Amino acid sequence: MAKMQEKTPQTPLEGGPQHVAIIMDGNGRWAQMRGRPRLLGHHAGARRVRDIVEACPGQGVKYLTVFAFSTENWKRTQTEVAGLMKLFRRYITRESRDLFERGVRVRFIGDRVRLDDKLVTLMDDLELLTSGNDRVHLTIALNYGGRDEVTRAAKRLAYEIEAGNLSYKDVDAETLTQFLDTQFLPDPDLVIRTSGEARISNFLLWQSAYAEYEFIDTLWPDFTADEFAKVVGGFAARDRRYGAVKA
Ligand code: IPE
Ligand code: IPE
Ligand code: MG
């Protein structure tokens, strides 16, 4: 592991993104195209995550955030939701050791209150196990929604004000940011969505204010490390102006 860490670039490659976020979409269609149940697509999708995580250090990507389950995904059939929850439990159980050994620091964002206790325990344990790692920071968004996150942050902020720990005068963008689930993350530089849909679906709304977006047609279970490298490589050519005019 020590050797792996030596090879890791500490800064992004020239002009490359430091934080890439991915909306992993298209699992259901991938399975349906093969006449198979949607859950099979989710299993195939989960298997893609490892390759993409492994591709990060070589691309100078220090932070990878993936959207696994949205606050709106509870609207799906009970069979699909239960299958996904079981998949998350299995994924964490099976991958924990490997993630730890590969120097990946794993964290979860989203509201844990609605998740079952067994899953939350697995999430907590994986966060603790990998808390000393620094090769790649993998953040998994599970029961995550941008509006829900900002609402929960506002509620906690209001609580601190009511408790007398903060004044309403302290409320600014920076303070609110500290109450978000993502308080430990830099803003994403690049957001990729697979499967051809060109929408955000409630992902990192606050944090992506100045992110670049790439919408690509490939379905998530077909998304390879090569394609990831191509998309990340294309990022450097973009001219990020942040509202200003460049000379
Ligand atoms: C994304 O794939 C994974 C989750 C939302 C859990 P989908 O399940 O949305 O796949 P499509 O969009 O139906 O093809
Ligand atoms: C977004 O995909 C959520 C995840 C990838 C986890 P969806 O498939 O749920 O989004 P919509 O329904 O197409 O907007
Ligand atoms: Mg979808």
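**Stop 1: the largest pocket**

Start with the largest pocket of this predicted model, which holds about 720 Å³ of space. Its lining counts 34 residues. Select Met 24, Phe 67, Ala 68, Phe 69 and Asn 73 to find the centre, since these lining residues lie nearest to it. Next, colour the elements that each give two or more residues to the lining: H2, H3, S2, helix H4 (78-101) and strand S4 (136-144). Now colour the lining by class. You should get 17 nonpolar, 8 polar and 9 charged residues.

What occupies this space? Show ligand 1, which sits in the largest pocket. Then show ligand 2, whose space is the largest pocket too.

**Stop 2: ligand 1**

Centre the view on ligand 1. Which residues surround it? Select Met 24, Asp 25, Gly 26, Asn 27, Gly 28 and Arg 29. Add Arg 38, His 42, Ala 68, Asn 73, Arg 76 and Leu 84 to complete the shell.

Switch on the helices next. Helix H2 (27-33) and helix H3 (38-59) each bring at least two residues to the shell around ligand 1. Which element gives the most to this shell? It is H2, with 3 residues.

By class, the shell of ligand 1 splits into 3 nonpolar, 5 polar and 4 charged residues.

Now look at distances from the oxygen atoms of ligand 1:

- Gly 26: a polar backbone atom is 3.4 Å from a ligand 1 oxygen.
- Gly 28: a polar backbone atom is 2.9 Å from a ligand 1 oxygen.
- Arg 38: an N or O atom of the side chain is 2.9 Å from a ligand 1 oxygen.

How much of ligand 1 does the protein cover? On its own, ligand 1 has 380 Å² of accessible area, and the protein covers 87% of that.

**Stop 3: ligand 2**

Move to ligand 2. Select Ile 23, Met 24, Asp 25, Phe 67, Ala 68 and Phe 69 from its surroundings. Then add Asn 73, Arg 76, Arg 193, Arg 199 and Ser 201.

Look back at Met 24: this residue belongs to the shell of ligand 1 and to that of ligand 2. Arg 76 also appears around ligand 1 and around ligand 2.

Highlight strand S2 (residues 63-70). S2 gives the most to the shell around ligand 2, with 3 residues. By class, this shell has 5 nonpolar, 2 polar and 4 charged residues.

Three side chains deserve a distance check here:

- Asp 25: a polar side-chain atom lies 3.2 Å from an oxygen of ligand 2.
- Arg 76: an N or O atom of the side chain is 3.2 Å from an oxygen of ligand 2.
- Arg 193: an N or O atom of the side chain is 3.3 Å from an oxygen of ligand 2.

Alone, ligand 2 exposes 390 Å², of which the protein buries 78%.

**Stop 4: the second largest pocket**

Leave the ligands and find the second largest pocket. About 210 Å³ of space lies there. Which residues line it? Select His 43, Ala 46, Arg 47 and Arg 50, then Leu 87, Arg 90, Tyr 91, Arg 94 and Glu 95.

Colour H3 and H4. Each supplies at least two residues of this lining. H4 holds the largest share, 5 residues.

Finish with the classes. The lining of the second largest pocket has 3 nonpolar, 1 polar and 5 charged residues.

Note on methods
Residues are numbered from 1 along each chain as its sequence is written. Chains are lettered from A and ligands numbered from 1 in the order in which they are written. This is a predicted model: local features need pLDDT of at least 70, side-chain atom pairs count only at pLDDT 80 or more; totals for chains, interfaces and linings use all residues. Side-chain values use heavy atoms; hydrogens and water are left out. A residue is near a molecule or strand if one of its heavy atoms lies within 4 Å of it. A polar contact is a pair of N or O atoms within 3.5 Å; within protein, one must be able to donate a hydrogen and the other to accept it, and residues adjacent in sequence count only if both atoms are side-chain atoms. Accessible areas come from the Shrake-Rupley method with a 1.4 Å probe; for residues, only the protein chains shown count as cover. On a 1 Å grid over the protein atoms alone, a cavity is a set of points where a 1.4 Å probe fits but cannot get out, and a pocket is an open set with protein on both sides within 12 Å along at least five of seven lines; lining residues have an atom within 4 Å of a point. A molecule sits in a cavity or pocket if more than half of its atoms lie within 2 Å of its grid points. Helices (H or I, at least four residues) and strands (E, at least two) are DSSP runs, numbered from the N terminus. Ala, Val, Leu, Ile, Met, Phe, Trp, Tyr, Cys and Pro count as nonpolar, Asp, Glu, Lys and Arg as charged, and the others, Gly among them, as polar. Grid points are joined across faces, edges and corners, and a volume is the space filled by probe spheres set on the points.
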